[in-house]
Amino acid sequence: MDTEEWLDIHFTRPLGLLWANFFNAFGVHPNVVTILSIFLGLAAGVMFYFEGLTYSLIGIGLLVWANLYDSCDGQLARMTGKKTRWGRILDGFAGDVWFFAIYAAICLRLMPVWGIWIWLLCAFAGFICHGKQCQLADYYRNIHLFFLKGESGSELDNSGKLTQEFQSLSWKKDGAWKLFLFFYRNYTKSQEALTPAFQRFHSALKQRFPSALPQQLRDDFRAGSLPLMKWANILTFNTRAIVLYIAILVGEPWIYPVFEITVMNVLFFYMRAKHERLCRDLTQRLDTYETTL
């Protein structure tokens with residue numbers, strides 16, 4: 001409940017669960033569902049290229065459907081015990097493919113009027129702003145779950161361990177996984193580079209409390225992190241999708257990348273500043289928690 005949006009709790013998750021039960025009845029693997037979501041997202045992008053209400057509504061419906069499958073694959077993985085790192089990486093890749101297709105469709109649609117400038121606008125909005133926003137939001141949600149539920153309840157990874165695993169693999173024997181791991185390690189490195197205060201805090205925690213974190217420390221972190229989860233959620237899917245739908249329906253797709261660069265970036269920097277300050281404050285107070293063990 002700490003890390004879920006109202007729309008996910010009351011709409012996306014329940015419908016995703018229905019799909020999960022459906023696919024489970026036929027023995028479909030969660031990764032297959034993720035791949036299906038990729039094709040749905042690509043099809044949505046194609047529809048957004050065309051003008052007209054019918055194409056817009058079809059594209060919106062396809063992207064909503066893709067998002068339901070994005071919810072379904074995780075629930076199906078937990079339901080069947082088929083939760084793997086392959087699935088987590090593929091799940092993140094799926095969202096990237098959706099929005100790559102969407103940005104490309106916007107560029108191609110507006111190029112006759114905007115020329116090369118729409119490509120520059122969308123490249124900045126997508127590769128720089130959108131990418132960093134999603135990386136940080138995903139990282140902060142997993143950090144929150146780490147303090148709330150421990151390592152088993154989060155997907156908080158470490159680039160150092162991923163590098164060791166990457167170096168231990170052979171391109172000849174493990175080529176596909178090594179390639180995936182290469183990109184996932186770089187993704188994790190980028191998350192860590194955005195959060196220097198948390199990295200110092202996390203390192204200090206491992207030195208001082210190697211076996212278990214004091215409950216008071218966990219409670220204090222949750223109290224500071226919980227108000228930021230609403231911003232992390234805004235920086236994921238639902239808010240940007242709603243703005244995209246509005247921009248497409250009113251026939252002004254340029255609104256979406258401009259929204260990414262302006263509003264979403266303001267939230268990104270605000271959330272990052274607040275989270276880093278929380279980590280610095282708790283690092284300075286670590287001595288007080290040693291007496292609570």
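**Surface patch and nonpolar cores**

Colleague: Which residues form a nonpolar patch on the surface, and with what accessible area together?

Modeller: This is a predicted model. In it, W6, L7, F11, L15, L18, L53, L57, I242, I246, L249 and V250 form a nonpolar patch on the surface. Their accessible area together is about 1100 Å².

Colleague: Which element gives the most to the nonpolar patch?

Modeller: Elements that give two or more residues are α1 (6-25), α3 (53-80) and α10 (238-249). With five residues, the one that gives the most is α1.

Colleague: Why does W6 count as exposed?

Modeller: W6 is found in helix α1. Exposed means over 50% relative accessible area. W6 counts as exposed because its relative accessibility is 61%.

Colleague: Which elements do the buried residues of α2 pack against?

Modeller: Helix α2 covers residues 30-49. Its buried residues include V33, I38, L40, M47 and F48. The buried residues of α2 pack against α1, α3, α4 (85-114) and α10.

Colleague: Which helix gives the most to the largest nonpolar core?

Modeller: The largest nonpolar core has 69 residues. F48, L63 and F201 have the most contacts inside it. F48 touches L63, and also I60, I102 and L244, among others. With 11 residues, the helix that gives the most to this core is α5 (residues 116-149).

Colleague: How many residues does the other core have, the one that lies apart?

Modeller: L162, F166, L169 and L181 are among its residues. This core lies apart from the largest one, and its residue count is seven.

Conventions: Residues are numbered from 1 along each chain as its sequence is written. This is a predicted model: local features need pLDDT of at least 70, side-chain atom pairs count only at pLDDT 80 or more; totals for chains, interfaces and linings use all residues. Side-chain values use heavy atoms; hydrogens and water are left out. A nonpolar core is a set of buried Ala, Val, Leu, Ile, Met, Phe, Trp, Tyr and Cys residues joined through side-chain atoms within 4.5 Å. Buried means under 20% relative accessible area, exposed over 50%, partly exposed in between (1.4 Å probe, protein chains only). Helices (H or I, at least four residues) and strands (E, at least two) are DSSP runs, numbered from the N terminus. Contact means heavy atoms within 4.5 Å. Patches are made of residues with over 30% relative accessible area and no salt bridge: like charges are joined within 9 Å, nonpolar side chains (Val, Leu, Ile, Met, Phe, Trp, Tyr) within 5 Å. Accessible areas come from the Shrake-Rupley method with a 1.4 Å probe; for residues, only the protein chains shown count as cover. A salt bridge is a side-chain nitrogen of Lys or Arg within 4 Å of a carboxyl oxygen of Asp or Glu. The expected span of a helix is 1.5 Å times one less than its number of residues. Lists of a residue's contacts leave out its neighbours within four places in sequence.
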